[in-house]
Amino acid sequence: MSQVKLRVESLSVRFEHGSGSHLAVNDVSFDLRSGEKLILLGPSGCGKSTILKTIAGFIRAESGMITLDGRAVTKPAVDRVVVFQEFDQLLPWKTVLGNVEFALQATNRYPAAELRERALFYIDMVGLGKFASFYPHTLSGGMKQRVAIARALALDPEILLMDEPFGSLDAQTRSILQQELNRLWEKTSKSIIFVTHSIDEAVILGNRVVVLSEGPATVRRVIELCQPYGDPIKHETPGFVATCREIRSLLQVAL
Amino acid sequence: MRRFFMFVLLLIIWELGVRLTGVLPIILPPPTTVFMELWRLVATGTLFPYIWNTLSILLSSLVIGVAAAFMLTALAILTEWGKDLQRMCTAMFNPLPAIALLPLALLWFGLGTRSLMFVIVHSVVWTFSVNTFTGFVTVPETMVRVGRNLGLKGWKLVRSIYIPAALPYILVGLKLSWAYAWRTVIAAELVFGVTGSKGGIGWFIYKMRYSLDTPAVFAGLCVIIAIGLTIDVLFRRIEDKTVRRWGMST
């Protein structure tokens, strides 16, 4: 079986505020295997996003350990690239091409001569080749998220962290982008952690689903999805429906 | 177009008013006289050294003031003590009219360019810093995280994320700074007149009033208005090319 890429061990996160503090994540452990799509699923405000931001290095853990290929990680770096939900993750003063080029350039990993070609390759990959010279404010929400995904893939991270990237999109665009993400994953075989509160989305995208409890987040159970449901036709099959029902009942226990 | 007609109408009323009531030209010259005087001053090149003196002092002070404000504000966004320092200084000095510092400036730097620059820098630094800081703190958290994700920190993060993201506020700050500096420099020139051997437009107006050359006083005022309007157009151009083009205008 494939090896462990990222390991989260008894992670706890506590937020301090004026009068005191509250526990957002309580003793959470899970593994991300190399090349899999792992879903963090839980009700809104349960702390799943906090787990992702801690992995990204934006938030400091109170206790516990996060290791990437065996090395402890605590600070943000390009080996863990985040795709956010918010559209303002694109820099409005740069074009689509400019956004991807800027990211590549900031890492100092690629020779200047290769930047443009590499950026265009990934912009093409998400189907936005014609929009390379457009500014973000002229693009639709779905296109903006595609650019963010292209930028993340171009950076060739060890793992891709996706924080409800389709959460602000309409249902139709969301469904198209879910298929798109599956396609991109097959092409690039990236290891992905994907945060969502949508059961459907979890089952459509995931290889495995970590079901989290109401906050402070604890792991309810990790569900292995043996057959992929990426194809929309399969969304009507008994298997898909049964899996969704199983997860729903788990979440209800959590409540 | 309508504004142009209004402008012409206003000039006609002024002209007729002066001619019909017989006000002394020394008190209020008719616009035709003013324009002829302006034309003469421009044609003979008399005005240009004054304009140049004012603008060069103004621009160098603006550059110094803006650079100092940038440093102060970058410290404020990167460190806690920097934030306290910036808050305290701007709260204290922003309400202090620059002109009020003129006597002190004269005491410290004497009668000359350095005194003028001191008060102009003062009129720029705090306003610009307040606006830039507001711009910095309103930069979306996500955008900053994108930068940190790429491994950017410190000055690099300020330069490639904070400054462009806060550009709408920075431009407002620049416009205000320019307006304050412009008022300050003209006022300061009027108050203590000559700056060394070279005077500016303020000094020119003061000198012309002294010799009761009222049309020249008006011509000086016209120049001040014209420069102000030009700068406004310049700012609009910059906005069109940047924040408006990027869909960031506030």
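**Exercise 1.** Which residue is the bridge partner of Val210(A) in S10(A)?

*Solution.* This is a predicted model, in which local features need pLDDT of at least 70, side-chain atom pairs count only at pLDDT 80 or more, and totals for chains, interfaces and linings use all residues. Residues are numbered from 1 along each chain as its sequence is written, chains are lettered from A and ligands numbered from 1 in the order in which they are written, and side-chain values use heavy atoms, with hydrogens and water left out.

Step 1. Locate the strands, which are DSSP runs (E, at least two residues) numbered from the N terminus, as are helices (H or I, at least four). Strands pair if DSSP finds at least two bridges between them.

Step 2. S9 (residues 208–212) of chain A pairs with S10(A) in the antiparallel sense over five bridges. The partner of Val210(A) is Val222(A).

**Exercise 2.** Determine the strand order and the edges of the six-stranded sheet.

*Solution.* Step 1. The order in this open sheet is S6-S7-S8-S3-S9-S10 (chain A), and the pairing is mixed.

Step 2. S6 (80–83) and S10 (219–224) of chain A each have a single partner strand, so one side of each lacks a neighbour in the sheet.

**Exercise 3.** Describe the four-stranded sheet and the helix lying across three of its strands.

*Solution.* Step 1. This open sheet has the order S2-S1-S4-S5 (chain A), with antiparallel pairing. Its edge strands are S2 (20–33) and S5 (71–72) of chain A.

Step 2. Ten bridges join S1 (residues 4–17) of chain A to S2(A); in S2(A), Leu32(A) is the bridge partner of Leu6(A).
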